[in-house]
Amino acid sequence: MNNNVIYGINGPVVTVKKADCFEMMEMVHVGEQQLVGEVIGISDELTTIQVYEETTGLKPGDPVTGTGAPMNVTLGPGILDNIFDGIERPLKAIEEQAGAFISRGAAVSSLDTDRLWNVTMKVKVGDKLEGGQIYATTPETPIIEHRVMLHPDLSGVVKEVKPNGEYKLNDTIAVIEDELGIRHELTLCQQWPIRTARPVKERLTPTIPLITGQRIMDTLFPIAKGGTAAIPGGFGTGKTMNQHQLAKWCDADIIIYVGCGERGNEMSQVLEEFSELIDPKSNRPMTDRTVLIANTSNMPVAAREASIYTGITLAEYYRDMGYHVAMMADSTSRWAEALREISGRLEEMPAEEGFPAYLPSRLAEFYERGGRADVLSGGEGSVTLIGAVSPQGSDFSEPVTQNTKRFTRVFWALDKALAYARHYPAINWIDSYSEYFNDLDPWFKENLGEDFIEYRKAISALLQEENSLMEIVKLIGSDVLPDDQKLVIETARVIRVGFLQQNAFHPEDTYVPLEKQKLMMKVILHLHSKSKEIVAREIPISKISATGLFDKLSKMKYDIPNDKLDMFDEYIKEIDQKLGEILK
């Protein structure tokens, strides 16, 4: 490799003069400390490099060395139950080596190369292997089996196979020979460039819901496995809290949580919570199926820009094994700010609000890497992408929110007024939407019955009607409304307080199975229809309110345990009995 020297430094952007040996997107080492960088611009005069570490102390004349390969990550066993920074450096290993503060140029292997893995071989001599096929497995954690796959660009005939046993990450466990007669040694790991999507056999329509246990998400605005969602909201509206709930409870096999430009205290809270959490499906620690990528707001800005690509590459790797992966990006606004800062340093022409003109295409590039697919290893996997957006002053018309809206099919809009009223999750049911109903309704029909869809439509209609009635109430008060409209407002209050509001700290309410969600809707709508009959007979609504049924239904989420759903029948009997007495 040719050695070149630094010509100019502007924050994380470094320039090299007359360097014709570098390639676009090549990974390079900058300065005496071998800081990691990436080539982002080449002209006949200058090569421009963005450095993923703090550039303090660099000076013109310091060496720049190319690696001949693009910016990539190491994929292999040991990723799960780990915490990485934005360019896949393991923070635990760095802490052991350098203490609490990350030293620059810290050269620590991404994955533990000394650890022994108990490997079971899945091929024999003479087998023909295609790219992406599995040739070995090892238990990565007690609940996740790591399936070691052939690099997608390789194929050939197996010439040597080691016996089952314990091997390190870089030990050769098999040898294949390709069509040209070149032999390739296979280890437990492979490299993959972070900005290149991993190939699949065929992309599939997302037709299975990602069940979150959060009622407003599962019932009113569902997301599919392999779907894309945005959670926009101003400061304090609960974006991070919602993503924590999704990470803890959604029925994905593997969770990848990218803290992209978040505050350090929020990231440390995530790390503490996840280490204490017990996974409800396996009764094992949650970390057994979780990867955390921590790139806090005080870490180098260029690494923040790379962090979501690192996250999505890890997600695609586990998808290729046949797992369903959910990736939380918190928050894409901080990522867009990193893009804006680097773009400013490169003196590019700014577009709306100073963001670079290519912001929409970068967002599209990221979100289109989600999806459900037939994978090369056989079977099916998916990557569900859930990105938080932090618009300044809760202004949803700003560029990041508007462009994210173009590329995601679920929009969970967080509302400041709801958050300040202690209504959590603070998802506004008027501004939010899901475009997955047509894809998911056949699944809901088959697993929960036709009536689930009918209940959902009825609940949505009542909330819409209440919204328009509240405009009148604001002007002239609720006393002038006829009783049938007062009933709509009363039922909508039960829906809001008893159904949409959810307590993350209550053992029965933090996660609610779909069957219970359906029965809660059924009981609320049963009370509404029976009350409607009474009001139609000109009996005042105050008599129905006096029975205390509305208040009782507001508390049923706590009073009915998730495993005693037959108690809903008693509620329906009580409604029929009390309202029957009024009719008599």
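## The loop at S155

S155 sits in the loop that runs between β12 (144–149) and β13 (156–161). Keep in mind as we go that this is a predicted model. With a relative accessible area of 24%, S155 is partly exposed, because that value falls between the 20% limit for buried and the 50% limit for exposed.

What does S155 touch, once residues up to four places away in sequence are set aside? The list is K128, L129, E130, G131, L150, I176 and D178. For one of these, L129, there is also a backbone distance: its C-alpha atom is 5.5 Å from that of S155, although 26 residues separate the two along the chain.

## E305 and its surroundings

Next comes E305, which belongs to helix α5 (residues 301–320). Is this glutamate buried or exposed? E305 has a relative accessible area of 2%, so it counts as buried, the limit being under 20%.

Leaving out neighbours within four places in sequence, E305 is in contact with Q50, Y52, R195, W335, A338, L339, I342 and R362. With R195 there is a side-chain to side-chain polar contact of 3.0 Å. E305 can also be placed relative to I87: the two lie 218 residues apart in sequence, while their C-alpha atoms are 9.7 Å apart in space.

## Salt bridges

How many salt bridges does the model hold? The count comes to 32. One of them pairs K92 with D81, with 4.0 Å between the closest N and O atoms. K92 is in helix α1 (residues 91–98) and D81 is in the loop between β7 (72–75) and β8 (82–84), so this bridge ties together parts that are 11 residues apart in sequence. Both ends have some accessibility: K92 is partly exposed at 37%, and D81 is partly exposed at 36%.

R319 and D320 form another salt bridge, with the closest N and O atoms 2.9 Å apart, and both of these residues are buried. A further bridge joins the side chains of D439 and R409 at 3.2 Å, N to O. Here D439 comes from helix α10 (residues 437–448) and R409 from the loop between α8 (399–407) and β25 (410–411), so the pair links parts that are 30 residues apart in sequence. D439 is buried at 18% relative accessibility, whereas R409 is partly exposed at 29%. Shared partners also join salt bridges into a network made up of E38, R195, E305 and R362.

## N428 in its loop

N428 is located in the loop between α9 (416–420) and β26 (433–434). Its relative accessible area is 13%, which makes N428 buried. The side chain of N428 reaches the backbone nitrogen of I430 at 2.7 Å. Not counting residues up to four places away in sequence, N428 touches A413, D415 and L418.

## A nonpolar patch and the cysteines

On the surface, I472, L475, I476 and V480 make a nonpolar patch of about 410 Å². L475 lies in helix α11 (residues 450–476). At 73% relative accessibility, L475 counts as exposed, because the threshold for that class is over 50%.

What about disulfides? A search of the whole structure finds 0. Two cysteines can still be described by their accessibility: C21 is partly exposed at 28%, while C189 is buried at 17%.

How values were computed
Residues are numbered from 1 along each chain as its sequence is written. This is a predicted model: local features need pLDDT of at least 70, side-chain atom pairs count only at pLDDT 80 or more; totals for chains, interfaces and linings use all residues. Side-chain values use heavy atoms; hydrogens and water are left out. Helices (H or I, at least four residues) and strands (E, at least two) are DSSP runs, numbered from the N terminus. Buried means under 20% relative accessible area, exposed over 50%, partly exposed in between (1.4 Å probe, protein chains only). Contact means heavy atoms within 4.5 Å. A polar contact is a pair of N or O atoms within 3.5 Å; within protein, one must be able to donate a hydrogen and the other to accept it, and residues adjacent in sequence count only if both atoms are side-chain atoms. A disulfide is a pair of cysteine sulfur atoms within 2.5 Å. Patches are made of residues with over 30% relative accessible area and no salt bridge: like charges are joined within 9 Å, nonpolar side chains (Val, Leu, Ile, Met, Phe, Trp, Tyr) within 5 Å. Accessible areas come from the Shrake-Rupley method with a 1.4 Å probe; for residues, only the protein chains shown count as cover.
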